[in-house]
Amino acid sequence: MDLSLIIENIGIYIEGLKHTVVLVSVSLFIGLLLAIPLAVLRTSKNYFIQAPIRAYVYFFRGTPLLVQMFIVYYGFGQFEAIKASFLWPFFKEAYFCALFAFTLNTGAYTTEIIRGAIEATPHGEIEAAKATGMSRMLMLRRIILPSAFRRALPTYSNEIIFMLHGSSLASVITIIDITGAARIINSRFYSPYEAFLTAAVFYMALTFLIVFLVKKLEVRWYAHLRPQETATVEARV
Amino acid sequence: MFNLHGYGPSILQGTIVTIAISLASLALAMLLGIGGALSKLSSSKPLQIASQTYTTIIRGIPDLVLMLLVFFGGQVFINQVAPMVGYEEYIDINPFIAGVSTIGFIFGAYMTETFRGAILAVPRGQLEAAYAYGMGRMKVFSRILMPQMIRHASPGFGNNWLVLVKTTALVSIIGLDDMVRKASLAAGATRMPFTFYLVVALNYLIITSVSVYILKWLETRYSMGVIKA
């Protein structure tokens, strides 16, 4: 192990870290925005609304992220129509293709997570909302989605970590994320331990950070479910 | 439907390689999973710490980084160790071995968690009763623990298997001739990347759909004695 090699080249890793963080957070954010309406529509009883969403989720959950990325990055260029259109400047960029594939991928997984959470809403809550005369939109906004988000959080935190790990695939299509940085160091100095173990440490740190942040969010979101010890103390004063 | 320009058989060969890697890694993952679960539940402190470290590390590092570490790092490691035991020639790591051992090692950690939960779900009283009848440890495991464990483990196991199959796509990066690599070779030669990668994607869908079907059957088979609400 030659740590000085890493210290001298830490700049490449920092650059890679930036790319990883941007790729993961942007795709998670857009994926979530995509997933919320899709999950709501997925619970619709209308077959023609439900079926296309089902097919989308089925395709993206049933195939490897690597293949999805290849279809976008290498595959779209096969069509003259895409090459000639205004979309081509985007799809010829590896960065955009990775982002596109990641977003659709996490969107599909998140749709399924939120759908599960929506369907687990206690029947009584919906009945009560209807009884108070809420419209479907209001009920969705005030009753169903807030409680579904709470239920979905533990599973969604797994999805965040999967996306972080999945983002390492971006290095395969020439993007210099953390893994890409490690591959450069490895090929330049032929020092696989130093290169990849450093990348591993970066990913571990990010994973722990995500776990920590989700824990904090859980404390906030589940505040009303905690046993309230302070209440009795205040009552005495 | 698809004109594969004669590359069909080659993709099919790749599909067989993909399935072979998946099954081989699954076997390794199950062995590691059982071992990991038993050590997590054992009373020995070192075993507990070792298995806890194993699962934490694996879940913190991306599959691709681990695979590259094993493939490139393992190469250096073996060639440093081999001369010490008197072997002088340069050793090339077989990508199949690198791929299977990495994927098996990764999913061993996930299996550990699945099996640990399944073992804990079997009521203690049943095991105590079995011991009271004078059954040995092996017999308790094979007659009482195992059959019920399979039922509790099967949903998690199924999930792990589906993720594992998709993870095998990564072996194409270290040069193993699975269906993704076969597709990229065919795509390069015919300039039809979309077609070939889509065919591969559909192949994965077929594999996962068939797996889901088999897993469902297995789940019904092993929960025969359970009354459903």
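**Close-up views of a predicted two-chain model**

**View 1. Helix H4 of chain A, an enclosed segment.** In helix H4 (residues 65-75) of chain A, 9 of the 11 residues are buried, so this helix is largely enclosed by the rest of the structure; the model shown here and in the other views is a predicted one. The buried positions of H4(A) are A:Leu65, A:Leu66, A:Val67, A:Gln68, A:Met69, A:Phe70, A:Ile71, A:Val72 and A:Gly75. The cover over these buried residues is drawn from both chains, and includes H3, helix H6 (88-91), helix H7 (94-119) and H9 of chain A, together with helix H7 (179-190) and helix H8 (193-222) of chain B.

**View 2. The largest nonpolar core, centred here on A:Tyr13.** This core holds 123 residues, and the members that touch the most others are A:Tyr13 and B:Val180. Its largest share, 12 residues, is contributed by helix H9 (residues 136-166) of chain A. Leaving aside residues up to four places away in sequence, A:Tyr13 touches A:Ile6, A:Ile178, A:Ala181, A:Ala182, A:Ile185, A:Glu194, A:Ala195, A:Thr198, A:Ala199 and A:Phe202. Another core, of 6 residues, lies apart from the largest one, and A:Leu38, A:Ile53, A:Tyr56 and A:Val57 are among its members.

**View 3. The crossing of helices H2 and H3 in chain A.** The axes of helix H2 (residues 10-42) and helix H3 (residues 47-62) of chain A come within 9 Å and cross at roughly 130 degrees; because angles over 145 degrees would count as roughly antiparallel and those from 65 to 115 as roughly perpendicular, H2(A) and H3(A) are oblique to each other. The crossing of H2(A) past H3(A) is left-handed. On the H2(A) side the contact is made by A:Leu34, A:Leu38, A:Leu41 and A:Arg42, and on the H3(A) side by A:Ile49, A:Gln50, A:Ile53, A:Arg54 and A:Tyr56. By type, the residues of this contact divide into 6 nonpolar, 1 polar and 2 charged.

**View 4. The surroundings of B:Pro95 in chain B.** B:Pro95 lies in helix H4 (residues 95-121) of chain B. Its relative accessibility is 22%, and because buried means under 20% and exposed over 50%, B:Pro95 counts as partly exposed. Not counting residues up to four places away in sequence, B:Pro95 touches B:Phe71, B:Ile174, B:Gly175 and B:Leu176. From B:Pro95 to B:Val180 the separation is 85 residues in sequence and 15 Å in space, C-alpha to C-alpha; B:Val180 is one of the two residues that touch the most other members of the largest nonpolar core.

Methods
Residues are numbered from 1 along each chain as its sequence is written. Chains are lettered from A and ligands numbered from 1 in the order in which they are written. This is a predicted model: local features need pLDDT of at least 70, side-chain atom pairs count only at pLDDT 80 or more; totals for chains, interfaces and linings use all residues. Side-chain values use heavy atoms; hydrogens and water are left out. A nonpolar core is a set of buried Ala, Val, Leu, Ile, Met, Phe, Trp, Tyr and Cys residues joined through side-chain atoms within 4.5 Å. Buried means under 20% relative accessible area, exposed over 50%, partly exposed in between (1.4 Å probe, protein chains only). Helices (H or I, at least four residues) and strands (E, at least two) are DSSP runs, numbered from the N terminus. Contact means heavy atoms within 4.5 Å. Axes are lines fitted to C-alpha atoms, for helices over the stretch in contact, and angles run from 0 to 180 degrees between N-to-C directions. Angles under 35 degrees count as roughly parallel, over 145 as roughly antiparallel, 65 to 115 as roughly perpendicular and the rest as oblique. A crossing is left-handed if the near helix is turned anticlockwise from the far one by less than a right angle, and right-handed if clockwise. Ala, Val, Leu, Ile, Met, Phe, Trp, Tyr, Cys and Pro count as nonpolar, Asp, Glu, Lys and Arg as charged, and the others, Gly among them, as polar.
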